[in-house]
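Here are some short exercises to work through with the model open beside you. Try each task before reading its solution.

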Amino acid sequence: MAEPKPQTYANLARYVPLFHFVLAGILLANVVIAGRHVYYQGLLRHTVWEIVMALALVLIFLFMRALQDRVSRLEETLRLQSEPR
């Protein structure tokens, strides 16, 4: 059986098209649409809430990516610590 390729942070980090491109595009379109509602309808309670929620979803998206990077680094650190020297 072939030996597995050594795992590094470089080959852990990768783009998942549905997450990084499709979801990011949908969330950014949501911010633009909410901004248009505020622009055309004025500062009404529901339009302000739309923009707040749209920005909150973008923040969740960004924090999820940062958390994924931290978990990947932790996984690599634990793997390196457990290897025999």
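The exercises below go from the overall fold to a helix pair, a core and two single residues.

This is a predicted model, in which local features need pLDDT of at least 70, side-chain atom pairs count only at pLDDT 80 or more, and totals for chains, interfaces and linings use all residues. Residues are numbered from 1 along each chain as its sequence is written, and side-chain values use heavy atoms, with hydrogens and water left out.

**Exercise 1. Describe the secondary structure of the protein chain.**

Step 1. Count the elements: there are 3 helices and 0 strands. Helices (H or I, at least four residues) and strands (E, at least two) are DSSP runs, numbered from the N terminus.

Step 2. Put them in order, and the chain reads α-α-α.

**Exercise 2. Work out how α2 and α3 are arranged.**

Step 1. Two packed helices are described by the angle between their axes and the distance between the axes. Axes are lines fitted to C-alpha atoms, for helices over the stretch in contact, and angles run from 0 to 180 degrees between N-to-C directions.

Step 2. For α2 and α3 the angle is about 160° and the axes are 8 Å apart.

Step 3. The two helices are therefore roughly antiparallel to each other, a label for angles over 145 degrees.

Step 4. Look at who meets whom, with contact meaning heavy atoms within 4.5 Å. From α2 the partners include Leu23, Asn30 and Gln41, and from α3 they include Thr47, Glu50 and Arg65.

Step 5. Sort the residues of this contact: 15 are nonpolar, 7 polar and 2 charged. Here Ala, Val, Leu, Ile, Met, Phe, Trp, Tyr, Cys and Pro count as nonpolar, Asp, Glu, Lys and Arg as charged, and the others, Gly among them, as polar.

**Exercise 3. Find the residues of the largest nonpolar core.**

Step 1. Such a core is a set of buried Ala, Val, Leu, Ile, Met, Phe, Trp, Tyr and Cys residues joined through side-chain atoms within 4.5 Å.

Step 2. The 8 residues are Phe19, Ala24, Leu27, Val31, Ala34, Ala54, Val58 and Phe61.

Step 3. α2 (17-41) and α3 (45-82) each give two or more of them, and α2 gives the most, with 5 residues.

Step 4. Beyond its neighbours within four places in sequence, Ala24 touches Phe19 and Phe61.

**Exercise 4. Are Ile26 and Trp49 buried or exposed?**

Step 1. Buried means under 20% relative accessible area, exposed over 50%, partly exposed in between (1.4 Å probe, protein chains only).

Step 2. Ile26, in helix α2, counts as exposed at 52% relative accessibility.

Step 3. Trp49, in helix α3, counts as exposed at 55%.

Terms used. Parallel < 35°, antiparallel > 145°, perpendicular 65-115°, else oblique.
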